[in-house]
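Open the model in your viewer and keep the sequence panel beside it. The tour below says what to select at each stop and what is there.

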Protein chains: 2
Amino acid sequence: MASSTKYFSNEPQPNLNADEPSSTTALTLAYRTVGTPDLPAVLMPSCYGGKLDDTLPFLYTSVDNRGAPAVLANHFVIVVGMLSGSESSSPSNAHVSMGGLNFPKVTIEDNVRLQHALCRALGVEKLAAYIGFSMGGIQAYHMGVIYPDFVERIVILAGAARASWHNISFLEGPKAALVNSEDFHGGRYVEPARMGTQAFGRVYSTWALSSAWFREKNWEKLGFNSMWEYLEEEWERSLGSWDAHDLLGMLQMWQSADVSIHGPVKGDFVAALGSIQAKALVMPSRTDSYFPPEDSMEEVKHLKQGKLKIIESVWGHLAGGGAGTREDTEFIKDAVEGFLAE
Amino acid sequence: MASSTKYFSNEPQPNLNADEPSSTTALTLAYRTVGTPDLPAVLMPSCYGGKLDDTLPFLYTSVDNRGAPAVLANHFVIVVGMLSGSESSSPSNAHVSMGGLNFPKVTIEDNVRLQHALCRALGVEKLAAYIGFSMGGIQAYHMGVIYPDFVERIVILAGAARASWHNISFLEGPKAALVNSEDFHGGRYVEPARMGTQAFGRVYSTWALSSAWFREKNWEKLGFNSMWEYLEEEWERSLGSWDAHDLLGMLQMWQSADVSIHGPVKGDFVAALGSIQAKALVMPSRTDSYFPPEDSMEEVKHLKQGKLKIIESVWGHLAGGGAGTREDTEFIKDAVEGFLAE
């Protein structure tokens, strides 16, 4: 069982939701742990639009009822919410002095440094593995570059070491839909900007899947009567319920992600990848429109100990997070299990 | 030289921009001709967001300065604006009684029937070819199904015989951005809805290209200093200058396109394709996100006389319209030239 949600701050006094902030740069991580600290530690951060609850649960809980122990059964699992992800420090939950439009432009580096401090506070000297999906995979690469001695293995599920130009460009779409929406009011909305966030969800949705997914009408396998019902229930309504600034905060963090900022030679992507000491398992989805396998292949070339395993799925980006077919998810579980045993 | 723009209406008195409409369903096509009516006739319709000026000019004008005669030099070329495309009848130019929100939901069929009537009025008994890019390709398939005896050859450049579910879904993105925008006012805008149409352009842009295109920074080959400059100049500003209802009118026409509505067995896509008598040349772009080659391959299987030639380009959807590399466009020209000579 996961512990209840706890908080860790870079300030002595965690101030999330407090009446008075201790400083305008205080940042707090929401996290949960599973298992005991004497076991090998594994950190798993949340992804874009993800919460602690839905961060790769298939790796630490038995979801398939086959009675097999979870892949991470004998590990101390630390699940951490991403900054701006609504559970850790975010525009929506920060003190008014740094909430909404005032929230600082946090980075992937901010997340990783805070996660490192959290681990040390929990008594973790070294991570046996850092496993991330999507923006979680981006964080995994950054952990490998920023703290090369701190992590033994990184697993990148449908992620990348930087935002590609294609990423940056497509993300401009949902962003434009949101910031130009009728109820965003230049970011000074008082009521939730629902028209904006729902439009955001509608723009974002198709990118997460693949043309093959739509060709096969896979919404039917999820029990939806129509594509429209699927888009509304799974996308427009879910992302549509988020706070607009939280969505934009995560988005700018994604767009500005790049390990080459942190490597031995500033701006040298290849050198940054080469500086990673951890063994890496890189698992793109064949049909991912965010992080196509071609980008992963290029990245793996420059890793000291990188292994590529492509998830052969039509579930696009989603396959990497365990939302693809049962076979896709079993493939990930088996690969991660084998990788941890190496 | 192309003739000046002329108009053709399904009513005896063309009424475009007239003070009084002759009926609320009067529809007018804007068109131009090149060559004389005694030559074999070729019809080319405009595409989504296209104008007469930019409809496959590389097929009838010599753009490469190599002195070679244009592919369609010895043809009577009829270039026709699509309904809702701002030159033919559109929400933006219709009489107030059928303008804006009042504009009827026109279909691909409406275009094709009106084009057929235009041809007959021009003395064309049969088209030697119907060549269309993108939504122009959709129209080409429809002409082949609705008037099987009227057209000898159809050329589909990065097009399809119907809107795929993936098409329908991704188009919901720019639509959502536009209709929820601050200045759309539920469609009752008085000033142009620029925030909405520019957001539309921003959402739409990335779909038209490919991840490989961005990986190679191809905006540099177009002379832009940055991706941002490219997105602004080529997309946000261009589509952003359109009328919102014109954009939405073309969009609903695309989303509702399906030849199976018009085939021998209503709803039978394969039967509809099989009813096409024309020889068909189907040229998808390898990296097209709108109309992927997989869909074209499936369609060609069911054509009586269908030939597939894939444009091996990283320029995504755009390659099919002549906006890819010089090699891409030469490949199209050669293929069309050979096909017309068969």
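Start by selecting B:His262, which sits in the loop between α7 (244–255) and α8 (269–274) of chain B. Helices here are DSSP runs of H or I with at least four residues, strands are DSSP runs of E with at least two, and both are numbered from the N terminus. This is a predicted model, in which local features need pLDDT of at least 70, side-chain atom pairs count only at pLDDT 80 or more, and totals for chains, interfaces and linings use all residues. Residues are numbered from 1 along each chain as its sequence is written, chains are lettered from A and ligands numbered from 1 in the order in which they are written, and side-chain values use heavy atoms, with hydrogens and water left out.

Which residues does B:His262 touch, apart from those up to four places away in sequence? Show B:Glu109, B:His142, B:Val145 and B:Ile146; contact means heavy atoms within 4.5 Å. Now add B:Lys304 and draw a C-alpha to C-alpha distance from B:His262: the two are 17 Å apart in space and 42 residues apart in sequence.

**The sheet of chain B**

Stay in chain B and colour the strands. Eight of them form an open sheet of mixed pairing, in the order β1-β2-β4-β3-β5-β6-β7-β8; two strands pair if DSSP finds at least two bridges between them. At the edges stand β1 (6–9) and β8 (306–308) of chain B, each with a single partner strand, so one side of each has no neighbour in the sheet. From one strand to the next the twist averages 20°.

Next select residues 127–133 and 153–157 of chain B, which are strands β5 and β6; they pair in the parallel sense over four bridges. Within this pair, B:Ile131 stands opposite B:Val155 in β6(B).

Add helix α2 (residues 135–146) of chain B, which lies across β3 (41–45), β5, β6 and β7 (279–283) of chain B and runs at about 145° to β5(B). Axes are lines fitted to C-alpha atoms, for helices over the stretch in contact, and angles run from 0 to 180 degrees between N-to-C directions. Helix α9 (residues 293–301) of chain B also packs on the sheet, where it touches β7 and β8 of chain B; its direction makes about 155° with that of β8(B).

**From chain B to chain A**

Display both chains. What rotation superposes chain A on chain B? A rotation of 180° does, with 0.0 Å of shift along its axis and an RMSD of 0.0 Å; the fit is by least squares on the C-alpha atoms of residues with pLDDT of at least 70 in both copies. That is the relation of a two-fold axis. The same surface serves both copies, as 97% of the contact residues of chain A recur in chain B.

**Helices of chain A**

Hide chain B and select α3 (residues 165–179) and α7 (residues 244–255) of chain A. Their axes come within 10 Å and cross at roughly 160°. α3(A) and α7(A) are therefore roughly antiparallel, a term for angles over 145 degrees, while under 35 counts as roughly parallel, 65 to 115 as roughly perpendicular and the rest as oblique. The contact includes A:Phe170 and A:Leu171 from α3(A), and A:Leu248 and A:Gln255 from α7(A). By class it has 10 nonpolar, two polar and two charged residues; Ala, Val, Leu, Ile, Met, Phe, Trp, Tyr, Cys and Pro count as nonpolar, Asp, Glu, Lys and Arg as charged, and the others, Gly among them, as polar.

Keep α7(A) and add α4 (residues 194–205) of chain A. These two helices pack at about 40° with their axes 10 Å apart, and are therefore oblique to each other. Show A:Thr197, A:Phe200 and A:Tyr204 in α4(A), which meet A:Ala244, A:Leu247, A:Leu251 and A:Trp254 in α7(A). This contact of α4(A) with α7(A) has six nonpolar residues, one polar and no charged.

Last, add α6 (residues 227–239) of chain A. α4(A) and α6(A) pack at about 125°, with their axes 8 Å apart. Among the residues of α4(A) that meet α6(A) are A:Gln198 and A:Arg202, and those on α6(A) include A:Trp228 and A:Glu232. The residues of this contact divide into six nonpolar, four polar and three charged.
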